[in-house]
Amino acid sequence: MNNEHKIKKIFLVVVVLFLLFLGTVLVKQNLAIEGAYLYNDFKVQPVSNGKITTYRVEFIHNGNPYYLNSRNPPNLVDNISVIGNVKDYVLSKEKIFVGINPFDPELRGLTALAGLSIDGFIESFFGIPVFSSFTEFDSKHPDIPVLTCDKTKDGLIILELANDTSVSLKNNCILVHGGNEIDIIRAVDRLNFELIGIIRPPK
């Protein structure tokens, strides 16, 4: 009887722990979908760490779910113009470089984060290796290649300051423009959304 009692007690403890675990999982799932919404049939999930809100966009590719993390939701960057078929350009390249002007004092950490966003998404989703480059030679970083639109056969995405916020395919490279680093991040999010087809042209 004692052994049976012990077995029943152990079984009860296991059941209780399982129910607690299941309850925790369900709560986490409920929290994960709180605030989620659909944008052009794509699920957009706001994610907050208490200080910064980012967004996770779920999309289906070849029957499998994928996730794109962005700083901005698609509905706040869909007004940024995209000129040219940037997706076909990306897919036609065996490798891609993301370039900046190393001597522009206004291109700092946020621009680097924008470049990493492009890098991580294109490499993980399309399987195309992405590297860093400069538009001018910097003796402090002699190993980083210098690439410009007219002097490369590889894919090249240049992040640069401009009077507008836009994405354009021009002179054999993709130009990502922004009036400041925040706008460059917005334009990078717009580029990534364009690559998965979440933003559709107006009818």
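Where in the chain does Asn101 lie? Select Asn101 and follow the backbone both ways: this residue sits in the loop between strand E6 (96–100) and H3. Keep in mind, as you click around, that this is a predicted model.

**Stop 1: the whole chain**

Before going further with Asn101, zoom out and colour the protein chain by secondary structure. You should find four helices and 10 strands. Walking along the sequence, the order of these elements is α-β-β-β-β-β-α-β-α-β-β-β-β-α.

Now try a surface view. The protein chain exposes about 12,600 Å², and 57% of that comes from carbon and sulfur atoms. Of the 203 residues in the protein chain, 35% are buried. Contacts tell another part of the story: among those between residues at least 6 apart in sequence, 56% join residues at least 24 apart.

**Stop 2: back to Asn101**

Return to Asn101 and show its surroundings. Setting aside residues up to four places away in sequence, Asn101 touches Leu107, Thr135 and Glu136. Next, draw a distance from its C-alpha to the C-alpha of Glu160: the two are 7.3 Å apart in space, although 59 residues separate them in sequence. Asn101 has a relative accessible area of 23%, so it counts as partly exposed.

**Stop 3: helix H3**

Move along the chain from that loop into H3 by selecting residues 109–126. Helix H3 has 18 residues, and the distance from its first C-alpha to its last is 25 Å, close to the 26 Å expected at 1.5 Å a residue.

Which residues of H3 are buried? Highlight Thr111, Ala114, Gly115, Ile118, Asp119, Phe121, Ile122 and Phe125 to see them. Then step just past the end of H3 to Gly127, where phi is positive, at about 70°.

**Stop 4: H3 beside H4**

Keep H3 on screen and add helix H4, residues 181–196. The two helices pack at an angle of about 10°, and their axes are 8 Å apart. Angles under 35 degrees count as roughly parallel, so H3 is roughly parallel to H4.

Show the side chains where the helices meet. On the H3 side, the contact is made by Gly109, Leu110, Thr111, Ala114, Ser117, Ile118, Phe121, Ile122, Phe125 and Phe126. On the H4 side, look for Glu181, Ile182, Ile184, Ile185, Val188, Leu191, Asn192, Leu195 and Ile196. Colour this contact by residue type and you will get 14 nonpolar residues, four polar and one charged.

**Stop 5: two asparagines with positive phi**

Here is a little background for the next two selections. Most residues other than glycine have a negative phi.

Select Asn40, in the loop between strand E1 (37–39) and strand E2 (42–48). Asn40 is not a glycine, yet its phi is positive, at about 50°. Is Asn40 buried or partly exposed? With 28% relative accessibility, Asn40 counts as partly exposed.

Now jump to Asn172, in the loop between strand E9 (166–170) and strand E10 (173–178). Asn172 also has a positive phi, near 70°, and is a residue other than glycine. Its relative accessibility is 34%, so Asn172 counts as partly exposed.

**Stop 6: Ala36**

Go to the loop between helix H1 (2–33) and E1, and pick out Ala36. Leaving aside its neighbours within four places in sequence, which residues is Ala36 in contact with? Show Lys43, Val44, Gln45 and Pro46 to find them. Add Tyr55 as well: it is 19 residues from Ala36 along the chain, and their C-alpha atoms are separated by 9.5 Å. Ala36 has a relative accessible area of 29%, which means that it is partly exposed.

**Stop 7: Asn79**

Finish at Asn79, in the loop between strand E4 (64–70) and strand E5 (81–83). Is Asn79 buried or exposed? Asn79 is exposed, because its relative accessible area is 62% and the cut-off for exposed is over 50%. For a last distance, link the C-alpha atoms of Asn79 and Ser166: these residues are 87 apart in sequence and 9.3 Å apart in space.

Conventions:
Residues numbered from 1 in each chain as written. Predicted model: local features only at pLDDT ≥ 70, side-chain atom pairs only at ≥ 80, totals over all residues. Heavy atoms only, no water. Buried < 20%, exposed > 50% of the residue type's maximum accessible area, 1.4 Å probe, protein only. Contact = heavy atoms within 4.5 Å. Areas by Shrake-Rupley, 256 points an atom, 1.4 Å probe, with all protein chains shown as cover. Axes fitted to C-alpha atoms, helices over the stretch in contact; angles between N-to-C directions. Parallel < 35°, antiparallel > 145°, perpendicular 65-115°, else oblique. Nonpolar A, V, L, I, M, F, W, Y, C, P; charged D, E, K, R; others polar. Expected span 1.5 Å × (residues − 1).
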